[in-house]
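Here's a quick tour of a protein chain and the ligand that comes with it. Have a look at the fold first, then use the notes below to find your way around.

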Amino acid sequence: MGLFQRAGLILDCHVHLLPPRRLLKLIEWARRFFPGHPVPETIALEELLAEFEAQGIRALLNFAHAIFPDETDVLNRFNHELATRYPQVLPVGTLHPESPEPLLVVSQCLDEYGFLGLKFHAFVQKFLPWEPRMRPVYEAVAARGRLLLQRYGCATCHGLAGEGGVVGPKLDLEELWRSDFQLVVRSGPGGMPALTADVLSDEDLETIYAYLKGIPQ
Ligand code: HEC
């Protein structure tokens with residue numbers, strides 16, 4: 001079953017699962033600034049996950065954001081290992097705008113680790129989202145066909161990588177010609193929504209097609 005089918009309805013309660021040292025710092029910070037808030041003194045990861053499960057939470061998005069550039073790799077590796085150990089954790093990557101090799105981080109998060117995407121925290125990471133230096137990073141993310149499957153909802157039915165889901169069949173394009181692919185997506189056969197050009201551009205459709213065909217991007 002694809003990750004999104006497992007996630008079902010998403011509620012974002014802004015919870016971070018972090019490596020122990022960072023989590024401890026966050027707990028200290030929360031206790032100082034929100035003394036009345038019931039934050040535990042210490043808490044083990046396993047306890048937290050068991051508690052989530054007892055509450056009926058089937059999956060959780062985890063975002064561990066880098067406050068300093070040199071935390072980027074440590075946190076992404078932590079999130080990757082966490083998600084590998086606990087499949088209910090759906091990892092979202094982090095990238096500090098001052099990381100020396102931002103495009104390598106994008107590739108590691110999205111291609112190697114298979115993260116759901118990248119999330120930034122402009123205030124904590126002290127940058128403006130529209131700064132020109134961020135442009136290549138956004139474009140590198142946008143060029144990943146796998147992420148377009150999420151953005152346009154294809155993943156909900158066909159699975160995160162087009163592997164097939166509860167509703168939609170596996171997207172095996174061995175047999176499907178480019179023109180047929182366009183026709184299918186634009187017309188939406190049997191239960192699939194029709195995605196017209198004003199919703200899904202030809203360019204994005206082409207990127208999705210290339211991704212599904214396994215053409216390197
Ligand atoms: C609401 C669920 C749903 C969504 C969202 C959805 N699809 Fe589908 N899709 C289906 C179903 C169901 C079929 C099978 C339809 C049939 O043949 O009767 C299908 C068929 C297809 C086929 C034809 C497969 C084949 O082998 O003939 C392609 C290609 C496809 N979808 C691509 C996409 C893409 C790309 C997106 C996103 C832009 C998308 N779909 C979004 C449900 C969905």
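The notes below go from the whole chain to its cores, one helix and the ligand.

Keep in mind that you're looking at a predicted model. The chain is built from 10 helices and 2 strands, and two separate nonpolar cores turn up inside it.

**The whole chain**
- If you walk along the sequence, the elements come in the order α-α-α-β-α-β-α-α-α-α-α-α.
- The C-alpha atoms fill a box of roughly 60 × 45 × 30 Å, taken along the principal axes.
- Out of 217 residues in the chain, 24% count as buried.
- Take the contacts between residues at least 6 apart in sequence: 61% of them link residues at least 24 apart.

**The nonpolar cores**
- The largest nonpolar core holds 21 residues, and those with the most contacts inside it are Ala64, Val89, Leu90, Val106, Cys109, Leu110 and Leu118.
- Strand 1 (60-63), helix 4 (72-85), strand 2 (89-92) and helix 5 (102-112) each put at least two residues into this core.
- Helix 5 is the top contributor to this core, with 4 residues.
- Which residues does Leu110 touch, leaving aside its neighbours within four places in sequence? Leu110 is in contact with Phe115, Arg144 and Leu147.
- There's also a second, separate core of 11 residues, with Ala155, Leu160, Leu171 and Leu212 among them.

**A closer look at helix 4**
- Helix 4 is 14 residues long and spans 20 Å from its first C-alpha to its last, close to the 20 Å expected at 1.5 Å a residue.
- Its buried residues are Thr72, Leu75, Asn76, Phe78, Asn79 and Ala83.
- Looking down the axis of helix 4, you'd see these buried residues fall within an arc of 160 degrees, so they line one face of the helix.
- Strand 1, strand 2 and helix 5 are among the elements that cover the buried residues of helix 4.
- Thr84 and Arg85 are exposed, and they sit on the face of helix 4 turned away from its buried side.

**Around the ligand**
- The ligand is surrounded by 22 residues, and the closest are Cys154, Cys157, Gly168, Gly190 and Met192.
- Helix 8 (154-158) and helix 9 (178-187) each supply at least two residues of this shell.
- Helix 8 gives the most to the shell, with 4 residues.
- What kinds of residues make up the shell around the ligand? They divide into 16 nonpolar and 6 polar, with no charged residues.

Key. Residues numbered from 1 in each chain as written. Predicted model: local features only at pLDDT ≥ 70, side-chain atom pairs only at ≥ 80, totals over all residues. Core = buried A, V, L, I, M, F, W, Y, C linked by C-beta atoms within 7 Å. Buried ≥ 20, exposed ≤ 12 C-beta atoms within 10 Å, placed from the backbone. Contact = placed C-beta atoms within 7 Å. Expected span 1.5 Å × (residues − 1). Arc of directions from axis to C-beta. Near = placed C-beta within 6 Å. Nonpolar A, V, L, I, M, F, W, Y, C, P; charged D, E, K, R; others polar.
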